[in-house]
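Reader: I have the model open and want to go through it with you. Can we start with a term, then work outwards?

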Amino acid sequence: MITKPKGCHDIYGAEAKKWQYVNQLIDALMEKYNYQYIRTPIFESTDLFHRGVGSTSDIVTKETYDFVDRGDRKMTLRPEGTAGVVRSYIENKMYGDATQPVKLYYNGTMYRYERPQAGRDRELTQFGVEVLGGDDPIIDAEVISIPVNIYKMLGLKQIKVNINSLGDMESRKAYREALIKYFEPHIHELCEDCQERLQKNPLRILDCKVDCDNEIIKNAPTTLEYLNQESKERFDKVIEYLGALGIEHEVNPKIVRGLDYYCHTVFEIEAKVEGFGSQNVLGGGGRYDGLTEELGGPKTPGIGFATGLGRVILALEKEEIKLPIKEGIDVFILYVNEDEKLNAMYLAQELRMNGFSVETEYLGRGLKGQFKQADRLKSKYLLILNSEELKDNIVTIKNNKTKEEEKIDLDYLIYYLDEHIEEDEPFHLGHEGEEVHLEEGEDDEED
Ligand code: HAM
C-alpha cells in the first residue's frame with residue numbers, strides 16, 4: 001500500500017469541517033479588517049528564499065524542499081509566505097497603488113523538511129497577513145491583534161503575546177557586535193551549529209534548541225539594551241497601543257525569531273493548551289522594513305505574522321472546544337420508480353439552485369432504506385414523490401422532526417421551504433443583538 005508522506009495529513013470527515021469553519025472565520029474577519037486575499041505560487045525560485053528568508057536561517061539551510069525542474073531551474077517549495085508575498089508586491093508594482101498601506105492575507109500550504117511531531121509537520125498550512133507601505137506602530141498593533149482575536153473567537157484561553165524589539169539597522173548592528181564579543185570567549189562550550197552562527201548570525205544562538213538551557217545563552221545581553229532612542233520610542237508606542245487594545249503581552253527579550261529579515265517588532269503568540277509543551281506557540285511574526293529593498297523593490301516598510309492552522313486545530317481538539325458547525329441537510333427526496341427518479345433529479349437541482357442543501361437516493365434502496373438514509377444525513381425535511389400525485393403537480397412533504405406531513409402543490413414548494421427552513425446563517429461575527437467583547441474571565445453575573 002502506498003501511504004502518505006511523513007509529516008503530511010489527509011484532512012476529511014469531521015476534521016475537514018473544522019478546517020472549513022476556521023477558514024470561513026478567517027475570511028469573514030479579514031473582510032472586516034479590510035485585508036485583501038492574495039495567492040502566490042507554492043513553488044518559487046530557490047533564490048527568493050535565500051535572499052528573502054535569509055541564507056543563515058535554519059528554514060533555508062536545513063528545511064527547504066528544493067528541486068531542479070525539467071528546464072534546469074532551481075526551485076523551492078515555499079517554506080513560508082512572506083517572501084512570496086513581498087516578491088508579488090514588487091513584481092506587480094503594488095507600491096504604486098493609491099491606497100497604501102497594502103494589507104494582504106493568505107492561507108495556504110507551506111513545506112518544511114522538519115522532524116515531524118504533534119503540531120510540527122512537513123506540509124503545513126499557514127494563515128498570515130502582510131502589511132506593506134506603512135511603518136506607524138498602529139499597524140504593528142493591528143497585525144498582532146488579528147491572531148489574538150482569532151484565537152479568542154475560537155475559544156482558546158490565556159492568549160499571551162511575547163514581544164520584543166530588534167531595533168533599526170543601527171541598533172541591530174550594535175547588538176550584533178555586542179553578542180559576538182560576548183559569545184566569542186565561550187564559543188567552544190556551545191553546539192557546532194552555534195559555533196557556525198557566531199559570525200554569520202549571532203542572534204540565532206539565542207534561540208538554539210540544543211543549548212537553550214545553557215547559562216551562557218541565558219545571561220547574554222538583550223536586544224533592548226542596544227536599542228537607540230528612536231527604536232526605543234517606537235517600541236514603547238507599540239506596547240502602549242497593545243495596551244489600548246486590551247491585548248495581554250509581555251516584553252520578552254528572548255524572542256529573536258528564526259528568520260533573517262526581521263527588525264523592530266518581533267512577537268510570538270502562545271495559548272495555554274493542555275499537553276502542548278513547546279508547541280503552545282501558535283503564531284509569530286514581525287517587522288521587516290529592509291526586505292522589499294533586499295528583493296529588488298523600492299524601500300518599503302512591512303510587517304506580518306503567520307499562524308499554523310494545523311497547530312490551531314490541534315489546540316482546539318486538546319482543549320475539547322466544540323465549534324458551532326452546522327450539521328445535516330435541508331431536504332432528502334425519496335422516490336421509487338423511474339418516473340419519480342427523473343422528477344427527484346430535477347427537483348434536487350431546482351432546490352439546490354435556490355439555496356437549499358438537498359440529497360436524494362443513489363443506490364436503489366427501497367423506501368424504508370431511504371427514510372433511514374435521510375435520518376443518517378440529519379435531513380430537516382423529506383420530499384416523498386409519488387407518480388400518481390405528481391400527475392396532479394402534488395408532492396408530500398414531511399417534517400422529519402415533528403413527523404407532520406402535508407401535501408403541497410409543486411409550484412409552491414420553494415415558497416414552502418423558504419417559510420419553514422430557517423436560512424442558514426451565513427458566517428457572521430458575534431451573536432445576534434449582542435456586542436462582542438473578547439476579554440477573558442469577565443464575571444457575567446456582576447454587570
Ligand atoms: P514562523 O514562526 O516560521 O514564521 O511560522 C509561523 C507559524 O507557523 C508558527 O508559529 C507555527 O504555528 C506554524 N509553523 C511553522 N512551522 C511549522 C511546522 N513545521 N508545522 C506546523 N506548523 C508550523 C513565519 O513563517 C513568518 N513568515 C511569519 C511572518 C509573516 N513574519 C512576518 N510576516
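Author: Sure. A helix here is a DSSP run of H or I with at least four residues, numbered from the N terminus. Just after H4, Lys93 takes a positive phi of about 50°. Keep in mind that this is a predicted model.

Reader: Stay with H4. How many of the residues of H4 are buried?

Author: Nine of the 10, so H4 is largely enclosed by the rest of the structure.

Reader: Which are the buried residues of H4?

Author: Thr82, Ala83, Gly84, Val85, Val86, Arg87, Ser88, Tyr89 and Ile90.

Reader: And what covers the buried residues of H4?

Author: The cover includes two helices, H2 (46-52) and H11 (291-294). It also includes strands S2 (43-45), S5 and S6 (123-132).

Reader: What about the peptide bond from Gln100 to Pro101?

Author: That bond is cis, with omega near 0°. Pro101 sits in the loop between helix H4 (82-91) and strand S5 (102-111).

Reader: Back to phi. What is the phi of Asp72?

Author: Positive, about 65°, although Asp72 is not a glycine. Its place is the loop between strand S3 (65-68) and strand S4 (74-77).

Reader: Is Asp72 buried or exposed?

Author: Exposed. Asp72 has a relative accessible area of 66%.

Reader: Now His264. What is the phi there?

Author: His264 also has a positive phi, about 45°, and is not a glycine. This residue lies in a strand, S9 (residues 263-270).

Reader: Buried or exposed, His264?

Author: His264 counts as buried, because its relative accessibility is 10%.

Reader: Which residues does His264 touch?

Author: Leaving out residues up to four places away in sequence, His264 touches Asn164, Ser165, Leu166, Gly167 and Asp168. Its other contacts are Ser231, Arg234, Arg287 and Asp289.

Reader: Switching to cysteines. How many disulfides does the structure hold?

Author: Zero. Take Cys191: the nearest cysteine sulfur is that of Cys194, 3.6 Å away. A disulfide needs the two sulfur atoms within 2.5 Å, so Cys191 is in none.

Reader: Is Cys191 buried or exposed?

Author: Buried, at 14% relative accessibility.

Reader: And Cys208, which cysteine sulfur is nearest?

Author: Cys194 again, with its sulfur 3.5 Å away, and Cys208 is in no disulfide. Cys208 is buried, with a relative accessible area of 3%.

Reader: Helix packing next. How do H1 and H12 meet?

Author: Two packed helices are described by the angle between their axes and the distance between the axes. For H1 (residues 13-33) and H12 (residues 309-318), the axes come within 11 Å and cross at roughly 115°. H1 passes H12 in a right-handed crossing.

Reader: Which residues make the contact?

Author: H1 brings Glu15, Lys18, Trp19, Val22, Asn23 and Ile26. H12 brings Leu309, Gly310, Ile313 and Glu317.

Reader: What is that contact of H1 with H12 by class?

Author: Five nonpolar, two polar and three charged residues.

Reader: Last topic, the whole chain. Which domains is the chain divided into?

Author: Domain 1 takes in 13-168 + 228-318. Domain 2 runs over 331-420.

Reader: What separates the centres of domain 1 and domain 2?

Author: 48 Å, with the centres taken over C-alpha atoms.

Notes: Residues numbered from 1 in each chain as written. Predicted model: local features only at pLDDT ≥ 70, side-chain atom pairs only at ≥ 80, totals over all residues. Heavy atoms only, no water. Axes fitted to C-alpha atoms, helices over the stretch in contact; angles between N-to-C directions. Left-handed = near helix turned anticlockwise from the far one by under 90°. Contact = heavy atoms within 4.5 Å. Nonpolar A, V, L, I, M, F, W, Y, C, P; charged D, E, K, R; others polar. Buried < 20%, exposed > 50% of the residue type's maximum accessible area, 1.4 Å probe, protein only. Domains from an automatic or database assignment.
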